[in-house]
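This report describes selected local features of one protein chain for a reader who has not met it before. The sequence and the model are shown first.

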Amino acid sequence: MPRPLLKQLEAGKQFNRQAGLIPALEDFRPELAVTLPGPDRNAEPLEHRRAIARIEQDIDIPDLVQLGAVQRHGRAAQDPPGMLRGGKGWLDRRKCRFQCQQSVHNCHLPQPTPFGNLRSGRSGERYRVSTKRKIGLGIAGLLLMIGLILLAARDRLAQRAFDTAIEQNVGVDRSAALPDGIHVYVCGSGSPMPDADRAGPCLAVLAGRQGFVFDAGAGSIRKLGRMGFPMDRLQGAYLTHLHSDHIDGLGELLLQAWIAGSRGTPLPVSGPTGTDQVIAGLIQAYKIDSGYRIAHHGPAVARPGGFGGTAQIIDLPEGQPSKVVYDQGGVKITVIRVIHDPIKPAFGYRLDYKGRSIAISGDTIYAPDFVTAAKGADVMFHEALNPKMIGAMQEQLAKRGRADSAKIMADIPGYHASPEDAARAAKEAGAKALVLYHMVPAPPAKLIERLFVGDAPKIYSGDLRLAHDGILVHLPAGSQAVDYSEAF
Ligand SMILES: [Zn+2]
Ligand SMILES: [Zn+2]
């Protein structure tokens, strides 16, 4: 060790070499760690001198500078860096980590133990455990005890949770608590693209005591069941067009309407030309299953007459933009021609009940007839495709040699509305709220939703929302309110 520093340290009396200098040097140069006989003030000074002599040979100028800096700033007179003042000198904070600063009076240079640095080197004197540590150990013990109790009682707790869930949910008509008005169940907000969270396009509507389903994409009817839609109030289904992603849950809808809805007559399914073929195919596909159910549960429960569906082809002559297709019990449903070429015809719908109204676009580009028919609707449910996002997917597919998929991506923006188109339609129709409900690609996260809507918020200043499966939109009768809730 360079002489000037040693002299400085020895002469200055600021530094307790026995307990301070050596650990300080260890901080700077761990490889210089020396073992002292102990922190005893009366230890043989020769031992310290020997240790220091060893250090003298090894320490270099940077060490000197660092130690010198400590001295110059007068910090050695207080706590050297990394050190803690104890009753008999400075202690290495790292080695005394189990102690509070205020309780180090018995702390000497510690030696590791299996429980941490709890013992001093020579005397073996146990450090005083701090109050903080005692509290920590107490909490840990308490948690352990609670854990053991829960472990022992887990079967009883599981049974109780199950019983409560059964009591609260099974057979309960959750819609009974809804006020009179229109209630829209978003049972599917996805696209044809695979999505773990979103079913294919589906909106179910409860208007007063009557229920209707508009499109039934894959997985949507299970979502509808989970939302507590009263299947026994279902009056009919309405198809916007016959693209597979809008009807691939239709078979399940027919079965649920029949069994869960206790139907005695087939479900009326209204849609464009071809709807009859779809229904006939589904009846054929599920005929075997219907036989099983009738035989198993008996015809009093699985009423044979309630199986399947009755296709009702909507004929909307060219030149006629819309017409009323249902008008019963105060509920009026209007079919509207939309533009989804080459798929023809393609429909949107409007539903009115007690002064409240919704409009559903189905698949369309910006369609003036839809805007006209949707005029004054409280809520417009519109499809939307983000062309930039689909373009990016197309490029990526092309780069990876997926030419067919890239071609599909290139084709689809031509027959869908952009979010800006949807915003324009809502603005021109004067809708109070715009809900994008059939999104391509469906944004996988909230952050991406901002990207998806693009400039739509600049065009439409009303309440713009992106739907997700499980939300309900409420339009109470005798009110102007549009409320939202989540079923799950
Ligand atoms: Zn679609
Ligand atoms: Zn379509």
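## Loops, backbone features and core

Ser262 is partly exposed, because 13 other C-beta atoms lie within 10 Å of its own. The model is a predicted one. Ser262 belongs to the loop between α9 (250-259) and β9 (267-271), and its phi is near 50 degrees, a positive value in a residue other than glycine.

Lys354 likewise has a positive phi, about 50 degrees, although it is not a glycine. Lys354 sits in the loop between β13 and β14 (356-360). With 17 other C-beta atoms within 10 Å, Lys354 is partly exposed.

Gly306 lies in the loop between α10 (275-297) and β10 (309-313). Although 45 residues separate Gly306 from Gly261 in sequence, their C-alpha atoms are 9.3 Å apart in space. Leaving out residues up to four places away in sequence, Gly306 touches Trp258, Arg263, Gly264, Thr265 and Pro266. Gly306 is partly exposed, since 18 other C-beta atoms are found within 10 Å.

The following table lists cis peptide bonds.

| Peptide bond | Omega | Place of the proline |
|---|---|---|
| Asp341 to Pro342, cis | near 10 degrees | Pro342: loop between β12 (331-340) and β13 (343-353) |
| Val440 to Pro441, cis | near -10 degrees | Pro441: loop between β16 and α15 (446-453) |

The largest nonpolar core has 92 residues, and Tyr185, Leu203 and Val379 are among those with the most contacts inside it. Strand β16 (residues 433-440) supplies the largest share of this core, 7 residues. Beyond its neighbours within four places in sequence, Tyr185 is in contact with Leu203, Ala204, Leu224, Met227, Phe229 and Leu472.

Notes
Residues are numbered from 1 along each chain as its sequence is written. Chains are lettered from A and ligands numbered from 1 in the order in which they are written. This is a predicted model: local features need pLDDT of at least 70, side-chain atom pairs count only at pLDDT 80 or more; totals for chains, interfaces and linings use all residues. Helices (H or I, at least four residues) and strands (E, at least two) are DSSP runs, numbered from the N terminus. A residue is buried if 20 or more other C-beta atoms lie within 10 Å of its own, exposed if 12 or fewer, and partly exposed in between; C-beta atoms are placed from the backbone. Two residues are in contact if their C-beta atoms, placed from the backbone, lie within 7 Å. A nonpolar core is a set of buried Ala, Val, Leu, Ile, Met, Phe, Trp, Tyr and Cys residues joined through C-beta atoms within 7 Å.
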